[in-house]
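Please look over the sequence and the model shown below before reading on. The report afterwards is meant to be read with both in view.

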Amino acid sequence: MSNPTAAMLVIGDEILSGRTRDANMHYLAVALTAHGIDLREMRVVADEPDAIVAAVNALRAAYSHVFTSGGIGPTHDDITADNVARAFGVTIDVRADARAILQAHYDRQDLELNVARLRMARIPEGATLIENPVSGAPGFSLGNVHVIAGVPKIFEAMVAGLLPQLTGGAPVLSRALDVMRGEGDIAGPLGELAARYPALSFGSYPFQRDGVFGSNVVVRGQDEVAVDQAMAELQEIFAP
């Protein structure tokens, strides 16, 4: 049986402008791979309502899960929650359980739960909260869309708490070998090896080291025995 699939939707003008470097995709890819969910696509959209709605609807129709990052804070340009609600055609408002979480969080810091902070308690109808152990403000899951904060430390904590609740498949194993030959030299033998192991994925990633061209060859798959056998053949073929 195939693993569940996933897409990541990063929302924010700051990513597209280059002011902020996205740090969450690598973490999510590693975490999903270990959980047996195959990350198939990453998309970045601006803080534009129609763009968010269109991306959410396209991705949730194509994949088992969609993970969004960014746009659920207290400022006027944090519009992810509203537009995920629009994509599903449901209402959004301050919810009592989310408000209680925020109230307790700010009470502990002796801070006011003001109007801006209360925006983070607005949850679409029918959604399930995602715990935020770092800053309190919850994310939410609506259907197969999981809405998560963009700050890396918070994103990682929320994903770590969410994943055990999602059904995964077989983790994908990965082995790598540096071959000190250019891709043009290894393409033929590598293609023949890949043909003998159709259930595995073979990738070649060129590099240059001390003036010498080489290729990092990666073998990926769910069958550990097959991966190890393919790697043994790979080492034999390209032995120095």
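What follows covers the overall make-up, the enclosed and open spaces, and a few single residues.

This is a predicted model, in which local features need pLDDT of at least 70 and side-chain atom pairs count only at pLDDT 80 or more, while totals for chains, interfaces and linings use all residues. Residues are numbered from 1 along each chain as its sequence is written, and side-chain values use heavy atoms, with hydrogens and water left out.

**Overall make-up**

The protein holds nine helices and 11 strands, where helices (H or I, at least four residues) and strands (E, at least two) are DSSP runs numbered from the N terminus. Its C-alpha trace spans about 65 × 40 × 35 Å along the principal axes. Of the 240 residues in the protein, 42% are buried; here buried means under 20% relative accessible area, exposed means over 50%, and partly exposed lies in between, with a 1.4 Å probe and protein chains only.

**Cavity and pockets**

The spaces were found on a 1 Å grid over the protein atoms alone: a cavity is a set of points where a 1.4 Å probe fits but cannot get out, a pocket is an open set with protein on both sides within 12 Å along at least five of seven lines, and lining residues have an atom within 4 Å of a point. Grid points are joined across faces, edges and corners, and a volume is the space filled by probe spheres set on the points. For the classes of lining residue, Ala, Val, Leu, Ile, Met, Phe, Trp, Tyr, Cys and Pro count as nonpolar, Asp, Glu, Lys and Arg as charged, and the others, Gly among them, as polar.

| Space | Nonpolar | Polar | Charged |
|---|---|---|---|
| Largest cavity | seven residues | four residues | four residues |
| Largest pocket | 12 residues | 11 residues | six residues |
| Second largest pocket | six residues | six residues | three residues |

How many cavities of 30 Å³ or more does the model have? The count comes to one, and the largest cavity holds about 130 Å³ of space. Its lining has 15 residues, of which Ile72, Ala81, Arg119, Met120 and Arg122 are the closest to its centre. At least two residues of this lining come from each of α4 (80-88), β5 (122-124) and β7 (139-142), and α4 gives the most, with three residues.

The largest pocket contains about 450 Å³ of space. Among its 29 lining residues, Gly70, Gly71, Ala149, Gly150 and Val151 lie nearest its centre. The elements that give two or more residues to this lining are β1 (5-11), α1 (13-16) and α7 (152-162).

For the second largest pocket the volume is about 320 Å³. It is lined by 15 residues, and those closest to its centre are Thr33, Asp38, Arg40, Val172 and Arg220. The helix α2 and the strands β2 (38-45) and β11 (212-221) each supply at least two residues of this lining, with the largest share, three residues, coming from β2.

**Single residues and contacts**

Asparagine 24 lies in helix α2 (residues 24-35) and counts as buried because its relative accessible area is 2%. A polar atom of the side chain of asparagine 24 lies 2.9 Å from the backbone oxygen of glycine 150; a polar contact is a pair of N or O atoms within 3.5 Å in which, within protein, one must be able to donate a hydrogen and the other to accept it, and residues adjacent in sequence count only if both atoms are side-chain atoms. Glycine 150 is also one of the residues nearest the centre of the largest pocket.

The charged end of arginine 60 sits over the ring of phenylalanine 88, 3.9 Å from its centre, the rule being that NZ of Lys or CZ of Arg is within 6 Å of the ring centre and within 35 degrees of the ring normal.

Glutamate 192 lies in helix α8 (residues 183-196) and is exposed, with a relative accessible area of 53%. Between glutamate 192 and glycine 70 there are 43 Å in space, C-alpha to C-alpha, and the two are 122 residues apart in sequence.

Most residues other than glycine have a negative phi. Aspartate 110, however, has a positive phi of about 60°; aspartate 110 is placed in the loop between α5 (96-108) and α6 (115-118) and is exposed at 71% relative accessible area. Aspartate 210 likewise has a positive phi, near 55°, and sits in the loop between β10 (201-209) and β11, where its relative accessible area of 78% makes it exposed.
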